[in-house]
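Colleague: Got a minute to go through the charged side chains with me? I'd like to know who pairs with whom.
Modeller: Sure, let me pull it up.

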Amino acid sequence: MTARNYEGEWIMLPELSFYQLGEAPESGRYHIEILGDDVRFSIDWVTHGVNQSVSFDGPLDGELQPINAVPDGFASYSHIDANTLESRFVVKGLEVAYSRRRVSHDGELLAVLQVNKQPDGSSVRISQVYRRSS
(Lines give C-alpha, C1' and ligand atoms only; values in the text may rest on other atoms or scores of the structure.)
Protein backbone atom coordinates (compact mmCIF):
# COMPACT_ATOMS: atom_id res chain seq x y z
CA MET A 1 0.00 0.00 0.00
CA THR A 2 1.03 3.59 -0.60
CA ALA A 3 0.37 6.69 1.44
CA ARG A 4 -2.66 7.18 -0.84
CA ASN A 5 -4.48 3.88 -0.66
CA TYR A 6 -7.46 5.26 -2.61
CA GLU A 7 -5.31 5.55 -5.74
CA GLY A 8 -5.92 2.82 -8.30
CA GLU A 9 -8.54 1.04 -10.36
CA TRP A 10 -11.82 0.02 -8.69
CA ILE A 11 -14.68 -2.16 -9.97
CA MET A 12 -18.23 -1.40 -8.79
CA LEU A 13 -20.25 -3.86 -6.72
CA PRO A 14 -23.78 -2.74 -7.74
CA GLU A 15 -25.44 -5.12 -5.28
CA LEU A 16 -23.79 -3.21 -2.41
CA SER A 17 -24.58 0.26 -3.77
CA PHE A 18 -27.58 2.44 -2.90
CA TYR A 19 -29.10 5.32 -4.83
CA GLN A 20 -31.70 7.39 -2.96
CA LEU A 21 -33.17 8.40 -6.33
CA GLY A 22 -33.01 5.97 -9.23
CA GLU A 23 -31.08 2.74 -9.31
CA ALA A 24 -27.45 1.71 -9.19
CA PRO A 25 -25.68 1.18 -12.53
CA GLU A 26 -25.36 -2.35 -13.87
CA SER A 27 -21.58 -2.02 -13.71
CA GLY A 28 -18.93 0.59 -13.18
CA ARG A 29 -15.23 1.37 -13.02
CA TYR A 30 -13.64 4.10 -10.89
CA HIS A 31 -10.05 5.14 -11.51
CA ILE A 32 -8.20 7.51 -9.17
CA GLU A 33 -4.74 8.64 -10.24
CA ILE A 34 -2.27 10.98 -8.56
CA LEU A 35 -0.25 13.07 -11.01
CA GLY A 36 2.25 15.20 -9.13
CA ASP A 37 0.16 17.51 -6.93
CA ASP A 38 -3.08 16.75 -8.79
CA VAL A 39 -5.70 14.02 -8.60
CA ARG A 40 -7.52 12.70 -11.66
CA PHE A 41 -10.78 10.74 -11.64
CA SER A 42 -12.06 8.66 -14.56
CA ILE A 43 -15.42 7.00 -14.00
CA ASP A 44 -17.24 4.71 -16.44
CA TRP A 45 -20.59 3.02 -15.85
CA VAL A 46 -23.40 1.22 -17.65
CA THR A 47 -27.05 2.01 -16.95
CA HIS A 48 -29.82 0.27 -18.92
CA GLY A 49 -27.20 -0.91 -21.40
CA VAL A 50 -25.89 2.61 -22.11
CA ASN A 51 -22.17 3.30 -21.56
CA GLN A 52 -21.43 6.59 -19.81
CA SER A 53 -18.28 8.24 -18.52
CA VAL A 54 -16.95 11.32 -16.82
CA SER A 55 -13.48 12.51 -15.89
CA PHE A 56 -12.26 15.45 -13.87
CA ASP A 57 -9.13 16.54 -12.04
CA GLY A 58 -7.59 19.22 -9.91
CA PRO A 59 -5.02 20.04 -7.25
CA LEU A 60 -5.08 17.76 -4.21
CA ASP A 61 -4.68 20.71 -1.82
CA GLY A 62 -8.18 21.27 -0.40
CA GLU A 63 -8.46 24.72 -2.00
CA LEU A 64 -11.43 25.67 -4.16
CA GLN A 65 -10.34 26.06 -7.79
CA PRO A 66 -12.43 27.31 -10.74
CA ILE A 67 -14.07 24.68 -12.98
CA ASN A 68 -13.79 25.75 -16.62
CA ALA A 69 -16.86 23.79 -17.76
CA VAL A 70 -19.19 25.25 -15.08
CA PRO A 71 -19.80 29.03 -14.91
CA ASP A 72 -19.21 30.25 -11.34
CA GLY A 73 -18.23 26.67 -10.42
CA PHE A 74 -15.41 25.62 -8.11
CA ALA A 75 -14.06 22.29 -6.90
CA SER A 76 -11.72 21.19 -4.13
CA TYR A 77 -10.00 17.84 -3.56
CA SER A 78 -8.63 16.97 -0.12
CA HIS A 79 -6.36 14.15 1.04
CA ILE A 80 -7.72 13.51 4.54
CA ASP A 81 -5.53 10.50 5.36
CA ALA A 82 -4.02 7.48 3.57
CA ASN A 83 -7.50 5.94 3.19
CA THR A 84 -9.73 9.00 2.72
CA LEU A 85 -10.20 11.48 -0.12
CA GLU A 86 -12.90 14.18 -0.19
CA SER A 87 -14.17 16.56 -2.82
CA ARG A 88 -16.58 19.45 -2.85
CA PHE A 89 -18.28 21.25 -5.72
CA VAL A 90 -19.53 24.80 -5.26
CA VAL A 91 -21.62 26.79 -7.74
CA LYS A 92 -22.37 30.47 -7.20
CA GLY A 93 -21.15 30.20 -3.61
CA LEU A 94 -23.34 27.22 -2.65
CA GLU A 95 -22.03 23.69 -2.10
CA VAL A 96 -23.95 21.49 -4.54
CA ALA A 97 -22.04 18.21 -4.14
CA TYR A 98 -19.81 16.51 -1.60
CA SER A 99 -18.04 13.15 -1.99
CA ARG A 100 -16.06 11.09 0.50
CA ARG A 101 -14.05 8.08 -0.65
CA ARG A 102 -12.85 5.71 2.06
CA VAL A 103 -10.72 2.58 1.61
CA SER A 104 -11.25 -0.44 3.89
CA HIS A 105 -8.52 -1.45 6.36
CA ASP A 106 -7.43 -4.34 4.13
CA GLY A 107 -7.21 -2.00 1.10
CA GLU A 108 -9.57 -4.11 -1.02
CA LEU A 109 -12.81 -2.07 -0.88
CA LEU A 110 -13.59 1.55 -1.63
CA ALA A 111 -16.79 3.12 -0.24
CA VAL A 112 -17.96 6.29 -1.97
CA LEU A 113 -20.58 8.55 -0.39
CA GLN A 114 -22.00 11.34 -2.52
CA VAL A 115 -24.39 13.98 -1.25
CA ASN A 116 -25.94 16.16 -3.95
CA LYS A 117 -28.07 19.24 -3.30
CA GLN A 118 -31.30 19.53 -5.23
CA PRO A 119 -32.69 22.87 -6.47
CA ASP A 120 -35.22 22.85 -3.61
CA GLY A 121 -32.37 22.59 -1.05
CA SER A 122 -32.93 18.94 -0.16
CA SER A 123 -30.08 16.43 -0.34
CA VAL A 124 -29.88 13.17 -2.25
CA ARG A 125 -27.44 10.47 -1.13
CA ILE A 126 -25.62 7.89 -3.22
CA SER A 127 -23.53 5.14 -1.61
CA GLN A 128 -21.31 2.99 -3.82
CA VAL A 129 -18.94 0.14 -3.04
CA TYR A 130 -16.04 -0.87 -5.26
CA ARG A 131 -13.50 -3.72 -5.14
CA ARG A 132 -9.88 -3.05 -6.04
CA SER A 133 -9.09 -4.33 -9.52
CA SER A 134 -6.32 -6.94 -9.60
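Modeller: What follows is a walk through the salt bridges and one arginine without any.

Colleague: Anything I should know before we start?
Modeller: This is a predicted model, where local features need pLDDT of at least 70, side-chain atom pairs count only at pLDDT 80 or more, and totals for chains, interfaces and linings use all residues. Residues are numbered from 1 along each chain as its sequence is written, and side-chain values use heavy atoms, with hydrogens and water left out.

Colleague: OK, how many salt bridges are there?
Modeller: Seven, taking a salt bridge as a side-chain nitrogen of Lys or Arg within 4 Å of a carboxyl oxygen of Asp or Glu.

Colleague: What does Arg-29 form a salt bridge with?
Modeller: One partner is Glu-9, with the closest N and O atoms 3.0 Å apart. That pair links distant parts of the chain: Arg-29 sits in strand E3 (residues 27-35) and Glu-9 in strand E1 (residues 8-12), 20 residues apart. Strands here are DSSP runs of at least two residues, numbered from the N terminus.

Colleague: And how does Asp-44 come in?
Modeller: Its side chain also meets that of Arg-29 in a salt bridge, at 2.1 Å from N to O. Here Arg-29 in strand E3 is linked to Asp-44 in strand E4 (residues 38-47), 15 residues along the chain.

Colleague: Are Arg-29 and its partners buried or exposed?
Modeller: In between. Arg-29 has 25% relative accessibility, Glu-9 has 22% and Asp-44 has 27%, so each counts as partly exposed. The cut-offs are under 20% relative accessible area for buried and over 50% for exposed, with partly exposed in between (1.4 Å probe, protein chains only).

Colleague: Switching topic, what about Glu-86 and Arg-88?
Modeller: Their side chains meet in a salt bridge too, 3.9 Å from N to O. Salt bridges with shared partners join Glu-86, Arg-88, Glu-95 and Arg-100 into one network. Glu-86 is buried at 11%, while Arg-88 is partly exposed at 31%.

Colleague: And which arginine misses out?
Modeller: Arg-132, which is buried yet has no salt bridge. Arg-132 lies in strand E11 (residues 123-132).

Colleague: Where's the nearest opposite charge, then?
Modeller: The nearest side chain of opposite charge is Glu-108, 4.8 Å away. Lys and Arg count as positive and Asp and Glu as negative, with His and the chain ends not counted.

Colleague: So what lies by the Arg-132 side chain?
Modeller: Backbone oxygens, including that of Asn-5, 2.6 Å from a polar atom of the Arg-132 side chain. The backbone oxygen of Gly-107 lies 2.9 Å from a polar atom of that side chain.

Note on methods
Helix = DSSP H or I, 4+ residues; strand = E, 2+ residues; numbered from the N terminus. Polar contact = N/O pair within 3.5 Å; in protein donor to acceptor, adjacent residues only side chain to side chain.
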